[in-house]
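Here's a quick briefing to read alongside the model. Have the sequence and structure open as you go.

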Amino acid sequence: MKERIHEKFKALYGEGGRFFASAGRINLIGEHTDYNGGYVFPGAIDKGLMAEIKLNGSDKVRAFSLDYNEAAEFGLREEDAPAQAWARYIFGVCRETIKRGGKVEGFDTVFAGDVPLGAGLSSSAALESTFAFALNELFSNGIDKFELAKIGQSTEHNYCGVKCGIMDQFASIFGKKGSLIRLNCKTLEYKYFPFNPEGYKLVLVDSCVKHELASSAYNKRRESCENAAAAIRKNHPEVEFLSDAKRVWLEEVRAEIPEEDFLRAEYVIGEVQRVLDVCDALERGDYETVGEMMYQTHFGLSRLYEVSCEELDFLNKLARKMDVTGSRVMGGGFGGCTINLVKDELYKPFLDAVQKEFTAKFGHAPKIYDVVVSDGARELK
Ligand code: ADP
Ligand code: MG
């Protein structure tokens, strides 16, 4: 990829610039916990985005996307927003850097990526993080890493119309090879845990479906969680978010809240504990327990939180049937990928079965993405 980028860069802008890269991400466990003040547990992956960048001495940015084979040119003032969606990510990062007092001047760039777009691996965070990190280095702005992640998040909010949380940009900025990062979404404290599953592969199976319920259902789930938290708070004022509640505290209010809210809350409280259990297991190198927790999360998302769908349940059941170590839906639900922890010797038979049986049942093939937990934003020397 580096050669392709450099070739184009030379043709368009002449002499070489500096190379920066960042990554997409996975979340091993901790789903629908972010807005409940709980933990998420993401890591950067070996699929990402790379850019060659050089200052051009003007007040304009000239960018070329190799993947879209398209150029964009824009200024750095608020009214200079480019038309192309992909260029707005770069423009947004420039603007958000400037808003934080950082210096940004004109530059030339050619970039390309290998994170599948819109598959739930956050290609957009890879793009934002690459440029947020690069501008900080190129202009010696001294912005700290957490703020760089927020630059990416604010770019999504203010320039791309996506009201996302902080996890994707956090993972893509902070990601480290061989580590997952437990982020407390309430306090923003984080901690690295070792993730070196020797003898296993991490593989995503993309159902390639997206059911339309997603956004209205998401809002309903949030409401249920807030209702449950409010009921518990009456007895336990220290409960700010649902994730602060103990399981027994939820039991105390079971009769007061709709059964549906109870089930949603049961899932969230269980999920927060599972993240902690997975972290303990990783410190022991116990990947079998990690896998079992992934199945429990899938069960919770499917039966208690009810954000799975037929395709994802099918993939999960098939994984269980074939003795795959761990499998669950990853992301908000209603489509997208399952994330699977698979023993090396089961890898091929499992994926053969997935291809054959999923395609026979649903009439289209799933997509397969192997991932390895890798470094996030960095300069390539
Ligand atoms: P994802 O779940 O992959 O983050 P999004 O819809 O949030 O999906 O972001 C995808 C968008 O990000 C693309 O439509 C494009 O505008 C931009 N993008 C991501 N990767 C690239 C790339 N390699 N080249 C150009 N644009 C990209
Ligand atoms: Mg995105």
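What follows covers the ligand site and then the two domains.

This is a predicted model, where local features need pLDDT of at least 70, side-chain atom pairs count only at pLDDT 80 or more, and totals for chains, interfaces and linings use all residues. Residues are numbered from 1 along each chain as its sequence is written, chains are lettered from A and ligands numbered from 1 in written order, and side-chain values use heavy atoms, leaving out hydrogens and water.

**Around ligand 1**

- Ligand 1 has 17 residues around it, each with a heavy atom within 4 Å of it.
- The closest of them are Asp67, Leu117, Gly118, Ser123 and Ser124.
- Sorted by class, that shell holds nine nonpolar, seven polar and one charged residues; here Ala, Val, Leu, Ile, Met, Phe, Trp, Tyr, Cys and Pro count as nonpolar, Asp, Glu, Lys and Arg as charged, and the others, Gly among them, as polar.
- Helix H2 (85-99), strand E6 (107-113) and helix H3 (123-138) each chip in at least two shell residues; helices (H or I, at least four residues) and strands (E, at least two) are DSSP runs numbered from the N terminus.

**Polar contacts (N or O pairs within 3.5 Å)**

- Asp67 puts a polar side-chain atom 2.8 Å from a nitrogen atom of ligand 1.
- In Tyr68, a side-chain N or O atom sits 3.4 Å from an oxygen atom of ligand 1.

**Two domains**

- An automatic or database assignment splits the protein into domain 1 (2-194 + 375-380) and domain 2 (200-371).
- Their C-alpha centres are 28 Å apart.
- Across the boundary, 28 residues of domain 1 touch 41 residues of domain 2, with contact meaning heavy atoms within 4.5 Å.

Methods:
A polar contact is a pair of N or O atoms within 3.5 Å; within protein, one must be able to donate a hydrogen and the other to accept it, and residues adjacent in sequence count only if both atoms are side-chain atoms.
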